[in-house]
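Please read the following report alongside the sequence and the model. It takes the chains one after the other and closes with selected elements.

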Amino acid sequence: MITAAFPAAWRTLTLAAALLASSLAQASEHGKPAPKPWSPVTLHTALGDLPKGNAAAGKAVHDSMMCASCHGAAGNAATMNWPSVAGQRYDYTAKMLLDYRSGLRSEDERAGLMTSIARLMTPQQIADVSAYYASLPKPVAPQAQAALAAPLTAVEYKRVEQLVRKGDANRLITACASCHGLHGEGKGTTPAIAGQTTDYFIRTMRLYHNGERQNDVYKGMSQFSQRLSDADTLLIARYYASQGQSQTAKAD
Amino acid sequence: MNSRRQFLLASATALGAVAFPAIARAGQASARIVIVGGGVGGATAAKYLKLADPSLRVTVIEKNPVYIRPYGSSEVLNAHVTMQDLRVSYDALRHKHGVAFVFDAAKSLDPVNKTVTTASGKVLGYDKLIVSPGIKLRYDSLPGYSEQLADSQVPSGWIAGAQTALLAKQLQSMRDGGTFVLAAPPNPYRCPPGPYERAALMTEWFSKHNPRAKVIIADPKDSFVTDETALLGWNRLYGFQPPAEYRTKLAAKLQPSTQPCALEWIQAKAGGTPQRLDAKTMTLHTAGGAIKADVINIIPAMVAGQIAFDFGLTNDSGFCPVHRATFESTLHKDVYVIGDSSIADVMPKSGFSANTQAKWVARVITDGLAGRDPGTPVWENTCYALAGKDYGLFVADVFKIKDDGKIGRINKARYLPLDATPAQIRLSAVYQQAWIQAFTQDIFA
């Protein structure tokens with residue numbers, strides 16, 4: 001009797017503890033419920049529910065919301081501190097704005113700034129600005145970065161190309177290109193990363209690594225970032241920074 | 001945490017090493033840079049010199065062991081932040097960037113033997129000296145006013161510190177329906193939109209906590225830098241009716257008001273110029289008459305910080321003449337004057353200006369030591385200001401040396417547009433708060 005009852009009581013306790021833990025996890029610091037993470041289905045529905053975006057209207061949103069102060073006049077960040085958004089995938093930009101708005105993406109003070117901005121935007125504006133960035137050519141590396149990022153040596157290039165194209169089976173790291181595309185062009189909610197600023201790239205990987213950013217639906221970046229060394233990340237950041245448009249291609 | 005920091009350091013070092021190639025020196029010891037003043041200008045210069053060349057021996061002479069930031073300090077008055085929030089540590093500069101600090105008052109300069117002597121008698125030799133002493137408030141410029149009164153009864157709070165706390169206490173405990181008078185300073189002064197932001201923030205705070213209170217700005221001037229956008233904000237938030245000369249331009253945007261406004265701005269031409277303080281009766285006498293008040297905040301005339309005078313770096317204007325292209329003093333070689341004390345023409349006396357000047361001087365010095373040409377300077381400034389807690393505005397400028405040899409603006413648009421959307425206005429306030437954080441990190445972290 002006792003041996004039979006104990007596991008049952010134990011199961012009940014465990015269930016109660018699990019429920020308590022999950023309700024605690026739902027409660028954010030101000031007692032407001034934590035934003036609900038996406039499932040592939042809810043995300044698909046939410047993106048589909050956005051009105052159709054218009055790139056020309058998105059340019060006006062970009063101007064009126066003063067996006068250029070960090071992301072640059074035509075979506076090319078002027079410094080390494082901020083991401084370039086030119087050429088970004090529509091779905092990715094739209095998802096980020098929805099994530100900032102809900103607080104799903106809230107990794108640091110910079111994210112707090114974007115939350116304030118996203119909450120001032122209508123769904124139409126979110127769709128428009130996402131369409132605008134998607135209509136722009138891929139980014140040009142900031143001037144400061146061009147001077148700073150020494151070209152990859154042959155040895156470095158070989159190493160990073162292995163990671164980018166083949167991954168590392170020993171460490172269970174999938175090739176970057178398998179989600180981000182052969183040229184870092186991204187797909188759907190997987191961001192384009194060609195030409196991305198190095199500091200932003202490195203910071204993003206660190207935030208995933210530390211679990212401070214976890215709004216990736218399939219937990220891909222969250223996992224792979226655990227297994228990449230700092231040296232790997234720096235190399236990959238430099239590699240993708242060099243995959244943007246060259247300075248000379250920049251149209252003024 | 002630890003791995004994160006190591007990661008940051010590793011990437012910073014790796015990137016930094018590429019950005020700033022080590023300076024080649026034929027067997028000579030690394031240069032000694034002494035910086036007098038650990039405010040925005042001095043601290044920025046120290047950090048960016050070390051970033052550019054970690055081998056430089058950089059020493060800051062500063063009398064206070066903790067920095068109390070003046071930018072954003074009016075937000076103590078409306079209880080948006082606390083005095084504690086203004087405190088900024090020098091620890092990162094010392095331990096992360098390797099800047100040496102001497103916590104002592106700088107006393108005198110020997111420009112021939114290139115030494116600075118401190119109050120306690122320490123003598124520091126330098127190859128290059130950067131002086132960034134901020135401002136000195138001329139308490140005696142208003143008859144009846146004094147530093148002693150400012151410390152005890154009629155605070156200025158324009159250099160953040162105990163006077164800020166005193167003023168906050170006076171304002172927050174002002175009697176019901178009392179009058180707060182702010183005496184605005186004559187040009188030139190530190191933080192051009194600042195006095196007006198302070199008055200507006202208190203008008204907003206009083207509207208919630210002391211709704212019958214009045215705020216009066218007694219001004220020795222007829223205009224200020226962000227006046228149009230600020231007056232429009234005051235109109236929307238407090239029912240303020242701008243003076244006649246602003247009404248034509250703002251007309252279509254102004255809202256009529258039925259109630260008298262709690263905020264009053266008395267321009268010089270309306271008799272606003274402060275002439276004398278009677279602290280006993282708490283009366284500010286202006287050109288137009290006497291104003292009796294419950295709390296008086298005097299922002300007096302300003303000149304270069306005392307150190308600039310002690311070092312013989314000032315001219316008759318009370319500020320320091322510099323070669324525009326380098327900010328090197330025209331009076332002493334190898335001495336650079338940056339920030340509020342320098343004469344930088346149309347560049348305002350702001351923390352942002354001091355920061356951008358400091359970065360330029362760090363470059364002039366490191367390139368100079370390495371025998372490189374630092375190129376042509378471009379400076380910038382942004383002054384954010386609030387008309388209310390959630391109503392931001394700004395002036396943003398880019399500067400170059402013009403044909404007349406003076407620093408001039410090269411941009412056209414400067415302000416938040418008058419037809420800014422509510423989202424832009426709200427965002428400007430968000431940016432203002434973000435700027436304070438980012439700016440502090442740029443300098444001190």
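What share of the contacts in chain A with a separation of 6 or more is accounted for by residues 24 or more positions apart? The share is 72%, where two residues are in contact if their C-beta atoms, placed from the backbone, lie within 7 Å.

## Basis of the model

This is a predicted model, in which local features need pLDDT of at least 70 and side-chain atom pairs count only at pLDDT 80 or more, while totals for chains, interfaces and linings use all residues. Residues are numbered from 1 along each chain as its sequence is written, and chains are lettered from A and ligands numbered from 1 in the order in which they are written.

## Chain A

The average pLDDT of chain A (the predictor's confidence in each residue, from 0 to 100) is 85, and 82% of the residues score at least 70. Over residues 1-29 of chain A, however, the pLDDT is below 50, and this stretch has seven contacts in the model beyond near neighbours in sequence.

Chain A has 13 helices and zero strands; helices (H or I, at least four residues) and strands (E, at least two) are DSSP runs, numbered from the N terminus. Of the 252 residues in chain A, 40% are buried, a residue being buried if 20 or more other C-beta atoms lie within 10 Å of its own, exposed if 12 or fewer, and partly exposed in between, with C-beta atoms placed from the backbone.

## A:L235 in helix α13

Helix α13 of chain A, residues 230-241, contains A:L235. This leucine counts as buried because it has 20 C-beta neighbours inside 10 Å. Apart from neighbours within four places in sequence, A:L235 is in contact with A:E156, A:R159 and A:V160. A:G48 lies 187 residues from A:L235 along the chain, and the C-alpha atoms of the two are separated by 36 Å.

## Chain B as a whole

The secondary structure of chain B comes to 12 helices and 24 strands. Its C-alpha atoms fill a box of roughly 75 × 50 × 45 Å, taken along the principal axes. The radius of gyration of chain B is 23 Å, which agrees with the value near 22 Å for a compact globule of 445 residues; this radius is taken over C-alpha atoms, and the globule rule is 2.2 Å times the number of residues to the power 0.38.

Buried residues make up 47% of the 445 residues in chain B. Among its contacts between residues at least 6 apart in sequence, 64% join residues at least 24 apart.

## Two helices of chain B

Helix α7 of chain B (residues 194-209) has 16 residues, which at 1.5 Å a residue should span 22 Å, and its end C-alpha atoms are indeed 22 Å apart; the expected span is 1.5 Å times one less than the number of residues. Because 13 of the 16 residues of α7(B) are buried, this helix is largely enclosed by the rest of the structure.

Helix α11 of chain B (residues 351-369) reaches 27 Å from its first C-alpha to its last, close to the 27 Å expected for its 19 residues. α11(B) is mostly covered, with 16 of its 19 residues buried, and just after this helix B:G371 takes a positive phi of about 75°.

## A three-stranded sheet in chain B

Three strands of chain B form an open antiparallel sheet in the order β14-β15-β16, where two strands pair if DSSP finds at least two bridges between them. Its edge strands, each pairing on one side only, are β14 (274-278) and β16 (289-292) of chain B.

β14(B) pairs with strand β15 (residues 283-286) of chain B in the antiparallel sense over four bridges, and B:D278 stands opposite B:T283 in β15(B).
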